[in-house]
Amino acid sequence: MRRAVGVWAALGALIVTAGTAVAGGSAGAATTSGTPDTQAVVRAVAGSAQTAARGYWTPARMKSATAVGAGHGPAATASPQATATPQATPTATPTPPPGTPDSVYFNGVPTVGALFFTTGTQAHFCTASVVNSARLDLLLTAAHCVYGSSGYATNVAYVPQWHQGVSPYGAWAVRSITVATGWQQSRDPNLDFAFLAVTPPAGTRKPIQLVTGGLQLGINTRYAQAITPVGYNNTDNQPIKCATRSLEFEPTQIEFYCNNYQDGTSGGPWITHFNPKTGTGTVIGEIGGYEEGGDYAWQSFSPYYSWSILRLFLQAQFR
């Protein structure tokens, strides 16, 4: 119980909310309250499988891995119930709104990296980021990257700041995958997020947050604010970023406009107060949700981060 009390005390410094306290008893209640579809489903990865994942991801396999398809993800999800905006209605080929910014290539930041995995015999990648956590070992990505119609992804490894074939911090094997029951059972696009716990590569015993830094998790923040989304495209060996703004798509989904966010950027964080050197800031979304992130390279979606992701985050602390 002493360790649990220490974890709860630390959580207040890990989460950014819109004026709502998240600590002590209220945070503890969040792990057991709420509807069943927000309860955590945790997949533990055996030590032998972690070793196999590290061995599998050679530089050549990383380079040849492909992004999962269908929008920003492997398969289309059911659309939310609310009415979509005209730009998202696929009755004709939409064009970007005037003034839509262009993304730029760069060599990445320590807090964001490529998430490599296999589905069957296929080698794929998405994007993931380190989030500040009590145990210092959590990643955030889109649930559709790690759990799809064929079950859980395998050989899952995270490479922070991967660019041009360089892995400056090595490959971190995933030892647990946490998704919401509602995602596992019905692919609810409002629950398209997942937390992954990782183990250090050879040569270090430090948890990843102490090596790369991390992002604070933003809960119940404003819909419209300046953001920097970071992601890995399917045709490039460098990540991209963009100075843009998040917008309300509907109460449970947000969107942004920026060109060239293609397959592979799924799971990429939407960062406010972005530090371009360290990669730190607050993550308020990740590419996923409606249409598993979007059908058009200029328009991307995310679930709106509210109590559902907070419950999953808190449950992931005690996996």
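Two strands are taken to pair if DSSP finds at least two bridges between them. In this predicted model, strand S18 (residues 269–272) and strand S19 (residues 282–286) pair in the antiparallel sense over four bridges.

**Overall architecture**

The protein has 319 residues, and buried residues make up 56% of them. Its secondary structure consists of eight helices and 20 strands. Among contacts with a separation of 6 or more, 75% are between residues 24 or more positions apart. The accessible surface of the protein is about 12,500 Å², and carbon and sulfur atoms account for 55% of that area.

**Strand S18 and its partners**

On its other pairing, S18 meets strand S14 (residues 225–232), again in the antiparallel sense, here over two bridges. Individual residues can be placed within these pairings. Pro 229 stands opposite Trp 270 in S18, while Thr 272 has Thr 282 of S19 as its bridge partner. The side chains of S18 divide between two directions: Pro 269 and Ile 271 point one way, and Trp 270 and Thr 272 the other way. Residues on either side of S18 are buried. Trp 270, which faces Pro 229 across the bridge, and Thr 272, which is bridged to Thr 282, therefore belong to the buried set, as each residue named in S18 falls under the 20% limit of relative accessible area.

**His 144 and its polar contacts**

His 144 lies in helix H5, which spans residues 143–146. Its relative accessibility is 2%, so His 144 counts as buried. The side chain of His 144 takes part in polar contacts with two other side chains. One joins His 144 to Asp 192 at 2.7 Å, and the other joins His 144 to Ser 266 at 2.9 Å.

**The disulfides**

The model contains two disulfides. In general terms, a disulfide is a covalent bond between the sulfur atoms of two cysteines. The table gives the sulfur separation and the torsion for each pair.

| Pair | S-S distance | Torsion about the S-S bond |
|---|---|---|
| Cys 126 and Cys 145 | 2.2 Å | -90° |
| Cys 242 and Cys 258 | 2.1 Å | about 100° |

The link of Cys 126 and Cys 145 is left-handed. Cys 126 lies in strand S6 (residues 122–131) and Cys 145 in helix H5, so this pair ties together parts that are 19 residues apart in sequence. Helix H5 thus supplies a bonded cysteine as well as His 144. Cys 126 is buried, with a relative accessible area of 0%, and Cys 145 is likewise buried, at 3%.

The disulfide of Cys 242 and Cys 258 is right-handed, because the torsion about its S-S bond is about 100°. Both cysteines of this pair are in loops: Cys 242 lies between strand S15 (239–241) and strand S16 (244–250), and Cys 258 lies between strand S17 (253–257) and S18, so the bond ties together parts that are 16 residues apart in sequence. The loop that holds Cys 258 thus leads to S18, the strand that pairs with S14 and with S19. Cys 242 is buried, with a relative accessible area of 3%, and Cys 258 is buried at 0% relative accessibility.

When the bonded cysteines of the protein are numbered in sequence order, the pairing is 1-2, 3-4.

Methods
Residues numbered from 1 in each chain as written. Predicted model: local features only at pLDDT ≥ 70, side-chain atom pairs only at ≥ 80, totals over all residues. Heavy atoms only, no water. Buried < 20%, exposed > 50% of the residue type's maximum accessible area, 1.4 Å probe, protein only. Contact = heavy atoms within 4.5 Å. Areas by Shrake-Rupley, 256 points an atom, 1.4 Å probe, with all protein chains shown as cover. Polar contact = N/O pair within 3.5 Å; in protein donor to acceptor, adjacent residues only side chain to side chain. Disulfide = S-S within 2.5 Å.
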